[in-house]
Amino acid sequence: MNNVYFFQVSDAFSSRSDQMYLPYAVGTLAAVAWSNPEINEKWKLKKIICRRESPEKIVAQLDNPSVAAFSNYVWNYEFNLRTAEILKKKYPGCTVVFGGHNVSQNSELLKKYAFIDILMFGEGEESFEKLLLCLGSGKSLAGIHNIAYRLGNNTVHTAFACVKGTDYPSPYTMGIFDDIIKENPNTSFSAILETNRGCPYHCAFCDWGPMKSKVRMFPMERVKGDIEWFSQHKIDYVWGADGNFGLFERDREIADMLVQAKKKTGYPQQIKVNYAKMNGDNVFYLTKSFAENGLSKSTTMSLQSTSEDALRITGRKNMSSEIFSRLLTVYRHNSIPTYTELVLALPGETKKSFFEGIGRIIENGQHSVIEVYDCIVLPNSTLANPDYIKKYKIKTVRLPYVQQHTSSINFDITEYNETVVSTFSMSAEERVDCRYLAVVVQCFHSMGLLRNAAVWLRLEKNIDYSEFYTRLSYWLKENSSCEWNIFPEIYRKISLVNEGINEQYVFNELFGNVYWPMDEGAFLNIIMHYDAFFEDIKGFLAGFTGLDEQLEQVIDFSKATVRTPVMSKTPSYFKYDFPSYFTAALENTPVKLEKKNCAVDTSSLQCFENFSDYAREIVWFGRRSQKLNVLESDKSCFTD
């Protein structure tokens, strides 16, 4: 028997040994291949390597591999290269196969790395099955679509073909992962749920559209079987791999299956999916069902950009502002947290359009989480096309990949992203300003520190949100002497990206042994100097219209309602009905601020014995479920 090893190591910076994703990508390849009797006769699925250890240790444990197949993505690409090189030196007769999202649809890797024998492009189930059949029989590889290999001194690149099948056996129900689970009894496993494959859209920054892959459905019996398997095997967390969950009516039935599975066994405990941009009513049914049954903390309403030029150039289509605003209101009324995603530095985006877009998103009702991600160039995306790069003057840096919320980012093998730092429409310096503004908005609005003040100034004094946060970002840089203010240092760290240095995190042992996103790290630093912050910020807020009694009360109300490690044991009293006023504003149904006494009593809220527990439970785990603000999380704290 010929031994086959698969390699799909999880996130490069995942430091917790008790949590691990089951390696679904290579599992699907194995399920298809070993359902073929001919392969079963000649090839043995020896092991799937999915835990990150030193390459030397991994290779030392291998038993005469005939084929070693590596699944590549941003978090394991460099690791795979190192492992494959060591493996090939020890076992020169082993056929090394590289596939996955980080393998470009050309043969460059074969020219660059002598230890790689075969490249596999796009979806690999059918190609890998044929590869084992050909290797086992000694037949030519020329008839296998979507691969590249060496033939003498030449490189053969076979024809590209769109894959049409999805009637594949499931790696879960086929038992592909049974040994992994058995060998790791103390590990909490997460799993991938795939109910369809492909995407109808062609966004330039994504690598699904250029694969020319139409959406194909997996059989419902397979989907049902996978969900039952998750439930029986106590899978804590499920990630939905569908590009647009909710696009099809049958997705309601799938959601119902997940809900019933949790009701029956308690598993899966949570699911995260990529919701469809359109078909809002269908998506609302799914999110409401998940929220009511504790399967999901929040739902995404992604835009990626509000710039018409950026959307046109990248081929992105968004819902209208009116629909976006209406859906936000509906979600708020049903107590379902939402978050909105943007991608920074898409070609066509300008500093002006980004600043105004942030303000417009808040104006439309997104007062919770606005996540802004760096634009990275995926190898198989349109964004990676040399002609596209030249046309839109895209410049990138090779930036070390840093996974936030981990306890270590120092590994012997560093992974990298190609990160966009400038385009024809946005200079590198302007990109720094945009990223800095995003951190300011996330810290002070999304996390609630100055959200009430911004809302009050918008409704009562007609101060635009974009103006408010632009002025705040400048003020923070100018007032670096405040002990709570680490924003000048954050601006410096963001600027280092242009030099290929990634220090976009905050580390403070008082927050726990965790590398924090910059907005959360800044928030935690402010919480440590809570009284000083609210005293100092009065000067900034007074610069808009003066510090009258109402604004002072708004500031005090904010101070009383942001969750801190130890909440006040005595009630705070106010002359205005702030709970009704700000709740209505967040729900996009503003009401007049009435002069009516109210009290905030937080004495019953949980207190934390140490700062790191607060940081983990409230800021990290609780952010998207809106635990940061009493106004959103516990209405019982308010009385007339």
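Two strands count as paired when DSSP finds at least two bridges between them. That rule underlies the strand pairings in this predicted model.

## Confidence

The average pLDDT for the protein is 91. A score of at least 70 is reached by 97% of the residues. Residues 12-16 are a weak spot: pLDDT stays under 50 there. For this stretch the model has 15 contacts beyond four places in sequence. Where pLDDT is low, predicted coordinates should not be read in detail.

## The seven-stranded sheet

An open, mixed sheet is built from seven strands in the order 3-1-4-5-6-7-8. Strand 3 (43-49) and strand 8 (154-157) are the edge strands; each has a single partner, so one side of each lacks a neighbour in the sheet. From one strand to the next, the twist averages 20 degrees. Helix 1 (residues 24-33) lies across strand 1 (2-7), strand 3 and strand 4. Helix 1 runs at about 150 degrees to strand 1.

Strands of a sheet pair through backbone hydrogen bonds, either parallel or antiparallel. Both directions occur here, as the mixed pairing says. Strand 4 (residues 65-72) and strand 5 (residues 95-100) run parallel and are joined by six bridges. Within that pair, Val 67 stands opposite Thr 95 of strand 5. Strand 6 (residues 118-120) and strand 7 (residues 147-151) run antiparallel, with three bridges between them. Ile 118 has Tyr 149 of strand 7 as its bridge partner.

## The strand 7 and strand 8 hairpin

Strand 7 also runs antiparallel to strand 8, and four bridges join the two. Tyr 149, already the partner of Ile 118, has Val 156 as its bridge partner in strand 8. Two residues lie between the strands of this hairpin. Gly 152 takes a positive phi near 65 degrees in the hairpin.

## The three-stranded sheet

An open sheet of three strands follows the order 14-15-16, with parallel pairing. Its edges are strand 14 (299-300) and strand 16 (369-374); each has a single partner strand, so one side of each is left without a neighbour in the sheet. Strand 14 runs parallel to strand 15 (residues 338-344), and two bridges join them. Thr 299 has Thr 338 in strand 15 as its bridge partner.

## Backbone exceptions in loops

Most residues other than glycine have a negative phi, and most peptide bonds are trans. Two loop sites depart from these habits. The peptide bond from Tyr 267 to Pro 268 is cis, with omega near -5 degrees. Pro 268 sits in the loop between helix 9 (250-265) and strand 13 (270-272).

Ser 335 is not a glycine, yet its phi is positive, about 55 degrees. Ser 335 belongs to the loop between helix 12 (321-333) and strand 15.

## The second largest pocket

Rolling a probe the size of a water molecule over the atoms shows where empty space is left. The second largest pocket holds about 920 Å³ of space. Its lining comprises 31 residues, and those closest to its centre are Asn 102, Ser 104, Val 377, Pro 379 and Glu 418.

Which elements each supply at least two residues of this lining? They are helix 4 (77-90), helix 5 (108-112), helix 14 (386-391), strand 17 (395-400) and strand 18 (416-422). By class, the lining of the second largest pocket has 15 nonpolar, ten polar and six charged residues.

Technical notes:
Residues are numbered from 1 along each chain as its sequence is written. This is a predicted model: local features need pLDDT of at least 70, side-chain atom pairs count only at pLDDT 80 or more; totals for chains, interfaces and linings use all residues. Side-chain values use heavy atoms; hydrogens and water are left out. On a 1 Å grid over the protein atoms alone, a cavity is a set of points where a 1.4 Å probe fits but cannot get out, and a pocket is an open set with protein on both sides within 12 Å along at least five of seven lines; lining residues have an atom within 4 Å of a point. Grid points are joined across faces, edges and corners, and a volume is the space filled by probe spheres set on the points. Ala, Val, Leu, Ile, Met, Phe, Trp, Tyr, Cys and Pro count as nonpolar, Asp, Glu, Lys and Arg as charged, and the others, Gly among them, as polar. Axes are lines fitted to C-alpha atoms, for helices over the stretch in contact, and angles run from 0 to 180 degrees between N-to-C directions. Contact means heavy atoms within 4.5 Å. pLDDT is the predictor's confidence in each residue, from 0 to 100.
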